[in-house]
Amino acid sequence: MALQRVFEARAQLSDSITYERYLRVVEALYAILAPRLRSSRVKELIEKAKRRDPEGFYTSEGVEALDKAVELILDTLDRNHLLMRGEVYEEEHI
């Protein structure tokens, strides 16, 4: 469910409001990780994404930082065998 929210927020990214939503869900995903799975690199990327340019706007580098943070989180979950693999079933089949 948490990953689904991250992907939905990324898909809707179009302005500052949706950027902040994406930032919040990536931060939340990081926060729910067990402490031993939290990477300082991911934290740095999230902090980078929070920075605005001199005019007060978020930047494309921030989007790239968030995307990289999500990628690193997914890699960590995968390495620790915490991602479910296989077919996706519709609710009625479960």
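## E27 and its surroundings

E27 is found in helix α2. This is a predicted model. With a relative accessibility of 26%, E27 counts as partly exposed, because buried would require under 20% and exposed over 50%. Setting aside residues up to four places away in sequence, E27 touches I46 and K50.

E27 and I46 lie 19 residues apart in sequence. In space, their C-alpha atoms are 7.0 Å apart. What else does I46 touch, leaving aside its neighbours within four places in sequence? Besides E27, I46 is in contact with L23, V26, Y30 and A69.

## Overall layout

The protein has four helices and zero strands. Along the sequence, the pattern reads α-α-α-α. Helix α1 covers residues 2-11, and α2 covers residues 16-32. Helix α3 spans 40-50, and α4 spans residues 60-79.

The protein has 94 residues, and 28% of them are buried. Take the contacts between residues at least 6 apart in sequence: 52% of these join residues at least 24 apart.

## Helix α2 against α3

How do α2 and α3 run relative to each other, parallel or antiparallel? Their axes come within 11 Å and cross at roughly 160 degrees. An angle over 145 degrees counts as roughly antiparallel, so α2 is roughly antiparallel to α3. The crossing of these two helices is left-handed.

From α2, the contact is made by Y19, L23, V26, E27 and Y30. From α3, the partners are V42, K43, I46, A49 and K50. By class, the residues of this contact divide into seven nonpolar, no polar and three charged. E27, K43 and K50 are the charged ones, because Glu and Lys belong to that class.

## Helix α2 against α4

Helix α2 also packs on α4, at an angle of about 25 degrees. Their axes are 11 Å apart. Angles under 35 degrees count as roughly parallel, and α2 and α4 are therefore roughly parallel to each other. Here too α2 passes its partner in a left-handed crossing.

Which residues of α2 meet α4? They are Y19, Y22, L23, V26, L29 and Y30. On the α4 side, the residues are G62, V63, L66, D67, A69, V70 and I73. By class, this contact has eleven nonpolar, one polar and one charged residues. G62 is the polar one, because Gly is counted with the polar residues. D67 is the charged one, because Asp is in the charged class.

Y19, L23, V26 and Y30 appear in the contact of α2 with α4. These four residues of α2 are also in the contact with α3.

## Helix α1 against α4

Helices α1 and α4 pack at an angle of about 160 degrees, with their axes 12 Å apart. That makes α1 roughly antiparallel to α4. Their crossing is left-handed.

L3, V6, F7 and R10 are the α1 residues in this contact. They meet V63, D67, V70 and L74 in α4. The contact has six nonpolar, no polar and two charged residues. V63, D67 and V70 of α4 also meet α2.

## The nonpolar core

In soluble globular proteins, nonpolar side chains tend to be buried together. In this model, the largest nonpolar core has 23 residues. Which residues have the most contacts inside this core? They are V6, Y22, V26, I46, L66 and I73. The elements that give two or more residues to the core are α1, α2, α3 and α4.

Several of these residues appear in the helix contacts described above. V6 is among the α1 residues that meet α4. Y22 and V26 in α2, and L66 and I73 in α4, belong to the contact between those two helices. I46 is on the α3 side of the contact with α2.

## Two further residues

T18 sits in helix α2. Is T18 buried or exposed? Its relative accessible area is 9%, under the 20% cut-off, so T18 is buried. Leaving aside neighbours within four places in sequence, T18 is in contact with Q12 and L13.

H81 is found in the segment after α4. H81 has a positive phi of about 55 degrees although it is not a glycine. At 72% relative accessibility, H81 counts as exposed, because that value is over 50%.

Definitions and conventions. Residues are numbered from 1 along each chain as its sequence is written. This is a predicted model: local features need pLDDT of at least 70, side-chain atom pairs count only at pLDDT 80 or more; totals for chains, interfaces and linings use all residues. Side-chain values use heavy atoms; hydrogens and water are left out. Axes are lines fitted to C-alpha atoms, for helices over the stretch in contact, and angles run from 0 to 180 degrees between N-to-C directions. Angles under 35 degrees count as roughly parallel, over 145 as roughly antiparallel, 65 to 115 as roughly perpendicular and the rest as oblique. A crossing is left-handed if the near helix is turned anticlockwise from the far one by less than a right angle, and right-handed if clockwise. Contact means heavy atoms within 4.5 Å. A nonpolar core is a set of buried Ala, Val, Leu, Ile, Met, Phe, Trp, Tyr and Cys residues joined through side-chain atoms within 4.5 Å. Buried means under 20% relative accessible area, exposed over 50%, partly exposed in between (1.4 Å probe, protein chains only).
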